[in-house]
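Subject: Structure handover

Hello,

Here is the structure I said I would pass on. Please look it over first; my notes on what was found follow below.

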Amino acid sequence: MSDLTARLVPDPSLWLPEEEADALACGTHGNPFSVLGVHESVDGPLLRVFLPGALGVDVLDRQDGSFRCCLTGMQIPGLFAGRLPYAAPYTLRIRWPSGEQLTEDPYGFGLLLGEMDLYLIGEGTHRRLGQCLGAQPMEVDGVEGVRFAVWAPNARRVSVVGNFNSWDGRRHVMRLRHPSGVWELFVPRLWPGESYKYEILDAQGALGLRADPVALSTETPPNTASVVADTRPFTWHDEEWLAHRGERHAPNRPISIYEVHAASWRKHGGDNGELYSWREMAEHLIPYVLEMGFTHVELLPIMEHPFGGSWGYQPLSQFAPSGRFGTPADFAYFVDQCHRAGLGVILDWVPAHFPTDPHGLARFDGTALYEYEHPFEGFHQDWDTFIYNWGRREVHGFLLASALHWLRHFHVDALRVDAVASMLYRNYSRNEGEWIPNKHGGHENLEAIDFLRHLNDVVGEEAPGAVVIAEESTAWPGVTQPTAKGGLGFAYKWNMGWMHDTLSYIGEDPIHRRYHHHNMTFPMVYAFSERYVLPISHDEVVHGKGSLIGKMPGDEWQQFANLRAYLATMWTQPGKKLLFMGCEIGQWREWSHDRELDWFLLGEPRHSGVHRLLTDLNHLYIAQPALHECDFDPHGFTWVVSNDDTNSVFAWLRWSATGAPLLVVANMTPIPREGYHLGVPRPGRWEEILNSDAECYGGSNLGNMGQLEAEDAPLHGQTASLSMTLPPLAVVILKPAEPA
């Protein structure tokens, strides 16, 4: 054999077994680390690389860039191999048809994730998955790049793909770490901003592209790729807020929440305009909410979700703020600005279910990985979504880590857990024969109960001062009781019963309200059984339900009067407050996620009157301890008149922790009532501190000239009484005058 022939014929010892080479070429090789990279042999270090489409590969010394050897093409296109003169860190100089590329070999790096990380992932107790799995920019062995890691225990092969490898799943096949089921790979010279997905050859042999379940950033929909996030620490300025937020969330403090859908609050140029970014929301939303006197802003889910029409309630990226509004750092900026302004931030969070989109979590590795296997447990018929398998340790841990990510990484103050009832009951919205009982034969979902209790306990440990709020629509006992006493451990629960009963009442024509009087009094029977939030949320102004003012009966004057009376009632009854955006301006149109609020209405007196009333109610609610200090103490509320169904009049006292009273009187008919006698706990002068019928709110300005004198004459179980004028369809609030 001539010298030229010897140089052209590859060393047979470099060749791969045919089945190994075919597996690389076909993209079915599940462990390329076993054949690629550097391997010791009797003849010295052997290096193989697989770079489909490459024209040639040189090996350079990583330290000084000197040439070490040229690799030879092997039995399949793109496979190159050669013997290194010595074993030391190296760099590849790859010749592509488009030019040269210098990079390190992904198969030249050792194990990446530590054994403790893998153990905690498998145990479901890793509380910082956002810093472990997913795409993590880092330096390994002195080389900058991105470490990718994804849990897919039943996959045959997992690759990370993107523009950096022409979306070729044969290029960056990951290493499976047994027994955790986590695949990992370090891709050198990759930077934040790079889009990527995982190409998974699943347990059934099907090939598909999946977004990263633990992505920290995503492309803007309708694009569905994950994005390598910039994980450099954000510079926070909210130390003072965090130090005292636990006090702000205490049961005896005022909590008034403005619920916002970020994509439709305001837009540039009107309904069809561009969305506000988080930085623009900080500039415009924060001063608006503060001026109105709200203590918190609650955002409908901002976790990335493919379908905007789900309002965020079908998220697929439980660790990534939606790319619709900017970067994760932009969202952190928004939260920081809220805190610096004295405003709390609540996020809606959805651990109950996830959508079926093929790039998402559904049968992620070809098996029911995140969801229950059986459709009677794992598929939600109402929403066409999959139900998380909370009983699987890794899924339990995934969701727990997501909650902690928002609370710790983004300094969010509270999570409102969506659809808790659907989690608690195995037969939720299912007919007989369509659900599987628990191990005791009951309908309770024991795994979900364990998860929710664990969630609330862990939040208390890991995020001091932060709270978790339940949207729970049934009479499940002990939702806000501590877990140590058998409860679920939530800080607060939405009072859906109050919402349904009071909206039903206020929707009746006043002439018929006498027959529905109990709808206003019954909620007080159980008002102190839990720590409640009184919610008028987005769910009440969509899907044909009409706007809040649209629910009010009568002519336009009566509709506005009813709305003002309803809001004043809500703000003076026990429970924290939540109001969805648009209700504060009396918007006529039902809310639509596709357009902004009807801000032009604030130029009309009656609409601006509602806005001003709500602003005054918020400020009064904060300023008057009787309206918030004893929200969850039966001694903080006393009926004065609860049975005057003939006149549709209600009157109650609110008490502060020191025993200071406020009197609230509601006349729910359009008929003014002169000389209406009411018992009060003190004789002397009482001041009228709010009247929803005031002219400045758009009312008829009927009232009591700002003050009344109570006589020393017992009535309604009180030691004194007064005679007052009740304005039509109005609420009046009075307090004893301060001593001169």
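Two strands count as paired if DSSP finds at least two bridges between them. By that rule strand β36 (residues 684-691) pairs with β39, since five bridges join the two, which run antiparallel. Please keep in mind throughout that this is a predicted model.

The chain as a whole

The chain has 740 residues, and buried residues make up 60% of them. It contains 14 helices and 39 strands. Taken along the principal axes, the C-alpha atoms fill a box of roughly 125 × 55 × 40 Å. Of the contacts with a separation of 6 or more, 71% are between residues 24 or more positions apart.

Around β39

In the β36 pairing, Glu687 stands opposite Lys735 of β39. Strand β39 also has an antiparallel pairing with strand β34 (residues 661-667), again over five bridges. There, Asn667 stands opposite Ala730 in β39.

How enclosed is strand β39 (residues 730-736) by the rest of the structure? Seven of its seven residues are buried, so the strand is largely enclosed. Both faces are covered: Ala730, Val732, Leu734 and Pro736 are buried on one side, and Val731, Ile733 and Lys735 are buried on the other.

Cores

The largest nonpolar core has 193 residues. The residues with the most contacts inside this core are Phe148, Tyr258, Trp265, Phe331 and Phe334. Helix α8 (residues 393-409) supplies the largest share of the core, nine residues. There is also a second, separate core of 20 residues, which includes Leu708, Ala710, Leu722 and Val732. Val732 is one of the buried residues of β39 listed above.

Helix α5

Does the length of helix α5 (residues 278-292) fit its residue count, and what span should 15 residues give? At 1.5 Å a residue they should span 21 Å, and the end C-alpha atoms are 20 Å apart, which agrees. The helix bends by about 30 degrees at Leu285, and a proline, Pro287, follows within four residues.

The buried residues of α5 are Trp278, Met281, Ala282, Leu285, Ile286, Tyr288, Val289 and Met292. An α-helix has 3.6 residues a turn, so residues three or four places apart point the same way. The buried residues of α5 pack against two strands, β17 (256-260) and β20 (296-299), and two helices, α6 (328-340) and α14 (605-623). Just after α5, Gly293 takes a positive phi of about 90 degrees.

Two open sheets

One open sheet has seven strands in the order β1-β2-β5-β4-β3-β6-β7, with antiparallel pairing. Its edge strands are β1 (37-39) and β7 (99-103), each of which pairs on one side only. On average, and with direction ignored, neighbouring strands of this sheet are turned by 25 degrees against each other. Strand β6 (residues 90-96) is joined to β7 by five bridges, and the two run antiparallel. Within that pair, Arg93 has Leu102 of β7 as its bridge partner.

Another open sheet has three strands in the order β24-β26-β25, and its pairing is antiparallel too. Here the edge strands are β24 (353-354) and β25 (379-380), each pairing on one side only. Two bridges link β24 to strand β26 (residues 385-387) in the antiparallel sense. Phe354 stands opposite Phe386 in β26.

Two single residues

Is Ser317 buried or exposed? Its relative accessibility is 5%, below the 20% cut-off, so Ser317 counts as buried. Ser317 is found in strand β22 (residues 317-321). Leaving out residues up to four places away in sequence, Ser317 touches Thr218, Met303 and Glu304.

His440 lies in the loop between α9 (420-424) and α10 (446-462). With 64% relative accessibility, over the 50% cut-off, His440 counts as exposed. His440 and Gly82 are 358 residues apart in sequence, and their C-alpha atoms are 63 Å apart in space.

Regards

Methods. Residues are numbered from 1 along each chain as its sequence is written. This is a predicted model: local features need pLDDT of at least 70, side-chain atom pairs count only at pLDDT 80 or more; totals for chains, interfaces and linings use all residues. Side-chain values use heavy atoms; hydrogens and water are left out. A nonpolar core is a set of buried Ala, Val, Leu, Ile, Met, Phe, Trp, Tyr and Cys residues joined through side-chain atoms within 4.5 Å. Buried means under 20% relative accessible area, exposed over 50%, partly exposed in between (1.4 Å probe, protein chains only). The expected span of a helix is 1.5 Å times one less than its number of residues. The bend at a residue is the angle between axes fitted to the seven residues ending there and the seven starting there. Contact means heavy atoms within 4.5 Å. Axes are lines fitted to C-alpha atoms, for helices over the stretch in contact, and angles run from 0 to 180 degrees between N-to-C directions.
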